[in-house]
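These are my notebook entries on one protein model. I set down what I looked up, entry by entry.

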Amino acid sequence: MSKSSSRTPLIRRPWFAFLSSMRFAVALLCLLGLASVVGTVLKQNESMTGYLVEFGPFWHPVFQFLGLYDVYSSSWFVVIMLFLVLSTSLCLWRNIPPFVREMRSFRLKATRQSLAHMPHSTLLPPLAPEVVQRYLEVSGFAVKSVHRDNGEVLLAAKKGSANKLGYICAHAAIVVICLGGLIDSNMWLKLGVVSGRLVPDATTLVAKEFKPESRLDSGTLSFRGDVNVSEGQSADVVFLNAGNGFLVQDLPFMVTLRQFHVEYYDTGMPKNFASDITVTDKATGEKTDTTIRVNHPLTVHGITIYQASFGDGGSKLRFNSWDLASPQAAPTSMEAVSMNDFPFKLRQEDYTLEFGELRPINVENEDEAAVADKSWQQKMHDVRSVNQDQAAMRNVGPTVTYKIRDAAGQAHEFMNYMLPLKREEAWFFASGARSNVGDPFRWLMLPADRDGKIDTFMALRQVWLDADLREKVAEAAVKDVEAGRRASFKEAVQQVLRLFSEGGYVALNDFVAERIPAPEQEKMREFFYQLLYAAADLSLSEALVQSGQSAWGHEDPARNRFVLNSLDGYTGLTRYPAPMLMQLSGYSEVKSSGLQMTRSPGQGLVYLGSLLLVLGSVFMFYVREKRAWILFGAEGMRFAMSANRHARDLAQEFPQHAAKLEQLHKDLHHDEQ
């Protein structure tokens, strides 16, 4: 059995037939197509935190294990491509020799019977073989003649044999394109990780602190990495995502970002952005100043630099802050830098401020009823929607995100608008808070005063928190009350203000629910609210005096709106999950440019494969293989034609050639007629 197997030609063995079969190749192509759909629908190479938020704790590790977050570099995708290369290469190995033989062959063994049974065959008046051969050559055929022992002469002609090259080029294109893709994939990186030669680092943040086993030298065959460079800063490395960590790829040059430019559409979406950079060669010190923008990359030492994204590069921020445990109305000034952490101590407690990105431009729909009803993701979707009413879109100014983390490691995330937002007929300073990254922000809306500032609200808050100032408000509230009821009425006003200062509307409702009999709760709640509204108006007057502001006329409807909105805002502030309130007051923007750098030696192979694919399509669909035979024998001149495809065209062409040969016979023998 082993001897018989050893004598079996390789291309006839079952495993070879299976691997080189069309069914196997088509199955692989279908798998690659499905994988490409996943890679197109699912955003690739995003942050793992974002994937966790989007898919949840159950599906996230499943998708991560399957490599769906980086489909085109996943192990199973690379294996499928390797098998496709193997299958197509074996198919070429098996079929190229017979194709070449077929292209060279004139099929000189055709007999009278086989020609007579062809669908396109006829007997024609005899002509000299030399004349017919010349006619076929003029018609574009390659002709070969053979004289047989029985006296017959066969002319075999063909044209369009290059049609077979189409199949060869198309299959070769698949091989070449896949090889180019494999060379440019991170297959070599994954092999290095699997072998232990490379160790991804998931904890180190600074490039120079990466260990040698987590670095690649500038001679790496292929890579695709990213780096963010702030204005005035330089980078000579890129970071490669290795799945469970990062590797640092050294570059043979240094990139310095001189300035970043960005233009916006009226909707607030980026219209164009570009980076003015200086590239310094490490070996020669030569410097090159240039500008790269989207779709206009720069190639240096075989490494192409693309303009990929932009963001905040560490802007200087200025805040006004208030200790929420203190009634003080005057803010404390604070300076910080975005994308950085700042530890601080408040009331003997340790905290850390972790600042995120500053977004100078935020376009929103002013027709929306309230910020509180929409998550940040929903608002960003509205900004990107092309169906929004452009007249309702407005730039609402800068926002900044930050986290406040306590000593136990618990953190809340906040987003702060620098400018007030218009909701219905009033303006509010908005500050969102959430405990989990996947949750929508819960919005604290603090009313802006007649000057568009938060100062009056904070002064009003001071009145409500200060017992002495609440006493003055209560005195003013009972000034016109008759003497016999003044003491009890004053006590009621003080009680309402004290309860409200401790917990807003919630504290009042809890007091009524706990202390008042059920049948009288609704009546007492209404009484408390009336006292509160009256006392709140008097509190505003006192706050204006305390802050040195001019009087605000009671005839102004904006005053009443401000009082009501202040009551709502203060209630929300008592539930605000932070030890202090921060309001962005100014900034000095520093932009950051996101650069993607790639070394793609397989790119040329992909272009070559694409060219082969185009040539293959041209040969297969536009080059038609046709064959003709003319047999000179005892029965006369037998003319037959065949084609591997396009039978309809041959059905029209065959009678034309037959008619021309008959006419040629008449022209040459007209003297005999």
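Which residue just after α4 takes a positive phi? I found that Gly 67 does, with a phi of about 75 degrees. I note at the outset that the model I am reading is a predicted one.

**Entry on helix α4**

I then turned to the helix itself. Helix α4 covers residues 48-66, 19 residues in total. I looked up the distance between its end C-alpha atoms and found only 14 Å, short of the 27 Å that a straight helix would reach. I next looked for a bend and found one of about 120 degrees at Gly 56. A proline, Pro 57, follows within four residues of the bend. I also listed the buried residues of α4, which are Tyr 51, Gly 56, His 60 and Phe 63. Gly 56 thus appears in my notes twice, as the place of the bend and as a buried residue.

**Entry on strand β7**

Which strands pair with β7, and in what sense? I recorded three partners, one by one. Strand β4 (residues 215-216) pairs with β7 (residues 246-264) in the parallel sense, over two bridges. Strand β6 (residues 234-241) runs antiparallel to β7, and seven bridges join them. Strand β8 (residues 270-281) is also antiparallel to β7, and I noted eleven bridges for this pair.

I looked up individual partners as well. Val 248 in β7 stands opposite Arg 215, and Val 248 is also the bridge partner of Phe 239. For Glu 263, the bridge partner is Asn 272 in β8.

The connection between β6 and β7 is a hairpin with four residues between the strands. In this turn, Gly 243 has a positive phi of about 90 degrees. As a general reminder, I wrote that strands of a sheet pair through backbone hydrogen bonds, either parallel or antiparallel.

**Entry on an open sheet**

I next examined an open sheet of three strands, whose order is β13-β12-β23, with antiparallel pairing. Its edge strands are β13 (332-337) and β23 (580-588), each of which pairs on one side only. On average, neighbouring strands of this sheet are turned by 30 degrees against each other, direction ignored. Between β12 (residues 316-323) and β13 I recorded six bridges. Lys 316 stands opposite Val 337 in β13.

**Entry on two loop residues**

I looked for positive phi values in residues other than glycine. Met 339 has a phi of about 65 degrees and is found in the loop between β13 and β14 (341-346). Arg 347 has a phi near 55 degrees and is found in the loop between β14 and β15 (349-359).

Are these residues buried, exposed or partly exposed? Met 339 has a relative accessible area of 43%, so I entered it as partly exposed. Arg 347 is also partly exposed, at 43% relative accessibility.

**Entry on the second largest pocket**

Finally, I looked up the second largest pocket, which has a volume of about 370 Å³. It is lined by 19 residues, and the closest to its centre are Met 22, Ala 25, Cys 91, Asn 95 and His 171. I asked which helix supplies the largest share of the lining. The answer is α5, with eight residues. Helices α3 (22-41), α5 (75-104) and α8 (163-184) each supply at least two residues of this lining.

Note on methods:
Residues numbered from 1 in each chain as written. Predicted model: local features only at pLDDT ≥ 70, side-chain atom pairs only at ≥ 80, totals over all residues. Heavy atoms only, no water. Expected span 1.5 Å × (residues − 1). Bend = angle between axes of the 7 residues up to and from the residue. Buried < 20%, exposed > 50% of the residue type's maximum accessible area, 1.4 Å probe, protein only. Pairing = 2+ DSSP bridges. Axes fitted to C-alpha atoms, helices over the stretch in contact; angles between N-to-C directions. 1 Å grid on protein atoms, 1.4 Å probe; cavity = no way out; pocket = protein on both sides within 12 Å on 5 of 7 lines; lining within 4 Å. Points joined across faces, edges and corners; volume = space filled by probe spheres on them.
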